[in-house]
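Visitor: I have a model open and would like to learn how to read a binding site. Could you walk me through it?

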Amino acid sequence: MSMNEYAPLRLHVPEPTGRPGCRTDFSYLHLSDAGQVRKPALDVEAADTADLCTGLIRVLDGQGQALGPWAEDIDPQLLRQGMRAMLKTRIFDSRMVTAQRQKKMSFYMQSLGEEAIGSAQALALNRSDMCFPTYRQQSILMARDVSLVEMICQLLSNERDPLKGRQLPIMYSVREAGFFTISGNLATQFVQAVGWAMASAIKGDTKIASAWIGDGATAESDFHNALTFAHVYRAPVILNVVNNQWAISTFQAIAGGEASTFAGRGVGCGIASLRVDGNDFLAVYAASRWAAERARRGLGPSLIEWVTYRAGPHSTSDDPSKYRPADDWSHFPLGDPIARLKQHLIAIGHWSDDEHAAVSAELEAEVLAAQKQAEQYGTLANGHIPSAASMFEDVYKDMPDHLRRQRQQLGV
Ligand SMILES: Cc1ncc(C[n+]2csc(CCOP(=O)(O)OP(=O)(O)O)c2C)c(N)n1
Ligand SMILES: [Mg+2]
């Protein structure tokens with residue numbers, strides 16, 4: 001064939017099916033019915049999980065019934081705890097967005113629609129395990145009842161900010177709650193988590209790690225490096241990929257989610273992998289327990305793609321109506337994680353509409369009281385911030401001379 005018989009080459013640039021004014025066709029998600037996807041043995045070979053990366057593990061059906069092999073006998077008390085953690089996360093997020101709009105803090109990121117993933121996994125792990133979250137897993141902190149006052153002081157970068165204004169708001173660090181310092185440089189926490197898990201195994205400890213990353217950030221090389229190390233050394237780690245369909249204004253297909261799934265990446269790297277309904281609290285809990293048990297028994301890493309939807313803007317600096325239909329979330333076929341767990345808890349007789357309203361009101365009051373207290377220690381608007389002298393502290397054990405001189409020049 002001579003060269004001029006070929007059509008000119010072209011690149012393929014993935015596009016979302018919906019745009020402002022054009023409704024999304026969510027059939028690209030390839031859903032399975034609740035209870036339809038099998039549960040493999042804990043020591044399953046990575047290659048034998050390939051079908052679990054194209055299907056979608058779901059437990060809750062449309063009526064709130066728990067179905068199939070992943071439906072565990074979960075204590076209703078734990079489900080109620082999960083419900084409180086999700087509600088608290090949502091209420092907290094909503095108040096903090098308002099506080100940002102009131103110029104009390106510089107920036108905020110909410111996790112609207114994704115509350116089940118962090119809440120359920122936090123309850124499936126031990127507090128002494130270490131999570132390496134992104135900025136969208138504040139639900140882990142809520143499930144672990146971390147002080148709201150301290151969290152808000154961090155957001156306000158005020159005098160009581162435990163991180164002394166050195167981290168962007170929402171980049172928490174709570175070691176005693178198994179919550180590693182959040183890194184703003186995406187994907188770095190994935191390699192850190194694998195390294196931490198390897199260290200736990202080297203020390204002969206029983207703790208495991210939980211790594212977190214978004215769909216977009218999987219395109220960073222750190223993601224792939226982490227998978228290689230986790231696979232080679234069978235690191236005791238859960239590799240969580242939160243596919244919320246968007247990376248700011250970039251659709252997940254641009255990061256590689258169009259012709260394959262993010263779960264499938266794990267299988268290609270020799271890691272047992274699952275694709276799970278991230279808005280189904282029961283499925284998240286069961287899959288997290290399965291992966292944690294594998295890690296703890298020395299069976300190695302597991303990768304889990306959580307399919308969910310980023311219902312709000314990326315951050316307070318984003319306007320999603322510019323790049324996706326404004327009512328997209330209301331059409332997302334996996335629904336709202338809080339509404340789905342509520343439906344299930346009511347169906348099994350452990351919740352009611354009245355209790356839902358009462359708990360919501362109680363949590364609203366708790367968040368409001370914490371906010372009032374934290375604001376007494378300063379907000380961005382009134383300038384009560386950590387002293388400039390504090391930036392020289394906690395960096396070196398013994399302060400080097402050049403820093404001592406700089407501090408003197410600053411006159412603090
Ligand atoms: C290494 C790096 N590149 C780019 C950014 C800027 N950035 C911050 S969040 C974000 C999108 C991440 O999307 P995704 O990984 O899907 O997570 P999501 O925000 O959806 O939870 C980008 C590009 C960054 N913080 N770090
Ligand atoms: Mg994303």
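Visitor: Which residues come nearest to ligand 1?

Guide: Start with the neighbours, and keep in mind that this is a predicted model. There are 15 residues around ligand 1, and Tyr135, Arg136, Gly184, Asn244 and Trp246 come nearest. By class, that shell holds six nonpolar, six polar and three charged residues.

Visitor: Which polar contacts should I look for around ligand 1, and at what distances?

Guide: Look for pairs of N or O atoms within 3.5 Å. The side chain of tyrosine 135 places an N or O atom 2.6 Å from an oxygen atom of ligand 1. Two backbones take part as well: glycine 216 has an N or O atom 2.9 Å from a ligand oxygen, and leucine 186 has one 3.2 Å from a ligand nitrogen. On its own, ligand 1 exposes 590 Å², of which the protein buries 71%. Ligand 1 sits in the largest pocket.

Visitor: What coordinates the magnesium ion, ligand 2?

Guide: For a metal, list the donor atoms. Here they are Asp215 (OD), Asn244 (OD1) and Trp246 (O), at 2.1 to 2.2 Å. Their spacing in sequence is D-x28-N-x1-W. Aspartate 215 is in the loop between strand 2 (209-214) and helix 6 (221-232), and asparagine 244 is in the loop between strand 3 (237-243) and strand 4 (246-247), so this pair ties together parts 29 residues apart in sequence.

Technical notes: Residues numbered from 1 in each chain as written. Chains lettered and ligands numbered in written order. Predicted model: local features only at pLDDT ≥ 70, side-chain atom pairs only at ≥ 80, totals over all residues. Heavy atoms only, no water. Near = heavy atom within 4 Å. Polar contact = N/O pair within 3.5 Å; in protein donor to acceptor, adjacent residues only side chain to side chain. Areas by Shrake-Rupley, 256 points an atom, 1.4 Å probe, with all protein chains shown as cover. 1 Å grid on protein atoms, 1.4 Å probe; cavity = no way out; pocket = protein on both sides within 12 Å on 5 of 7 lines; lining within 4 Å. Sits in = over half its atoms within 2 Å of the grid points. Nonpolar A, V, L, I, M, F, W, Y, C, P; charged D, E, K, R; others polar. Donors = N, O, S within 2.8 Å, 3.2 Å for Na, K, Ca; no water. Helix = DSSP H or I, 4+ residues; strand = E, 2+ residues; numbered from the N terminus.
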